[in-house]
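Hello,

Here is the structure for you to look over. My notes follow below it.

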Amino acid sequence: MRGSAGAHSCALGIDIGGSSIKAGLVDLERGRIMGERVVVPTPHPATPETLTNAVRGAAAEVLAQQPGGTSSPESGYEAPLTLPVPAGVAFPGVVKNGVVTFAFNLDDSWLGANIEQTIGAALGRPCVFLNDADAAGIAEMTFGAGRDWHDRTVLMLTLGTGIGSALFTRGRLVPFTELGHVEIGGEDAELSASASAKVRLGMDYPTWAAKLSRYCREMEKLINPDAFIFGGGISQDHADWLHLLDLQTPAVPAAMFNDSGIIGAAVHGADVAESIGR
């Protein structure tokens, strides 16, 4: 995991979600988005054609913000791009060797498709994909709440519609963990311990914190982490619930909040580009 900007000073990060696609050019030295973050709706259905056009359009808007930028938001959805920097894409699913094996909230026509080739061709530069929770974890371990735990085992949990997980040991990511699907009481833990479950089931913070604690104690038994980092939108309200957790392991809120997917994707894209001399 990088400790400085390496061979690249900036990279494009794209975070594909079920409702929106967020993109920004990231300063890799400071871990901050340069200029304004671009947000466009995720198309429905999110087929290869519609999603590719939306991602290309978001990238065009980012490039148009930069000094000397020539791409316009109006033309970006159709015109080919030549991306001048490395790119990483956070994806709500699993991509192995460029191929989608699981996609959450996206059209099933992506299954078996080489998304890295499809999106890379649209951007005019090879790009790399990673799971969205993994991207958030990379951002936190590089610039945020996990930067002092590089020699330990850290489990980041993103609490939203489900529970995303990113596991790090000695600073190295164990990719594509899906620990929110661990069964607690005969059902996936995310059905009762995610942020959406709190709303859906009408739980107050103490009740929900007890559910989350039960899940995290199972993670303590299975993984024995040295720290938990909690992300997702509800982490911004951590003062209401973090102290209610009954855990043996230190737990902290995420520091990067809504920009973590963009920043982590950009870091990963730059790291891969540097490793292969691109």
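**Fold and dimensions**

Eight helices and 14 strands make up the secondary structure of the protein chain. Helices (H or I, at least four residues) and strands (E, at least two) are DSSP runs, numbered from the N terminus. Please note that this is a predicted model: local features need pLDDT of at least 70, side-chain atom pairs count only at pLDDT 80 or more, and totals for chains, interfaces and linings use all residues. Residues are numbered from 1 along each chain as its sequence is written, and side-chain values use heavy atoms, with hydrogens and water left out.

The C-alpha trace spans about 55 × 40 × 30 Å along its principal axes. The radius of gyration of the protein chain is 18 Å, which agrees with the value near 19 Å for a compact globule of 278 residues. That radius is taken over C-alpha atoms, and the globule rule is 2.2 Å times the number of residues to the power 0.38.

**Two domains**

The chain divides into domain 1 (10-134 + 260-277) and domain 2 (149-255). These bounds come from an automatic or database domain assignment. Taken over C-alpha atoms, the domain centres are 27 Å apart.

How many residues meet across the interface? Eight from domain 1 are in contact with ten from domain 2; contact means heavy atoms within 4.5 Å. The two domains bury about 740 Å² between them, 64% of it on carbon and sulfur atoms. Buried area is the accessible area (1.4 Å probe) that two parts lose on being put together, summed over both.

On the domain 1 side, strand S5 (93-96) and helix H4 (132-143) are the elements that give two or more residues. S5 gives the most, with four. By class, this side has four nonpolar, two polar and two charged residues. Ala, Val, Leu, Ile, Met, Phe, Trp, Tyr, Cys and Pro count as nonpolar, Asp, Glu, Lys and Arg as charged, and the others, Gly among them, as polar.

**Salt bridges**

The rule finds zero salt bridges across the domain interface. The overall count comes to six. The rule asks for a side-chain nitrogen of Lys or Arg within 4 Å of a carboxyl oxygen of Asp or Glu.

One salt bridge pairs Asp-259 with Arg-37, the closest N and O atoms being 3.4 Å apart. This pair links distant parts of the chain, 222 residues apart. Asp-259 lies in the loop between strand S14 (251-253) and helix H8 (260-275), Arg-37 in strand S3 (residues 32-41).

**Backbone points**

A cis peptide bond joins His-44 and Pro-45, with omega about 0 degrees. Pro-45 is in the loop between S3 and helix H1 (48-65).

Arg-170 has a positive phi, near 50 degrees, in a residue other than glycine. Arg-170 sits in the loop between strand S9 (163-169) and strand S10 (172-174).

Best regards
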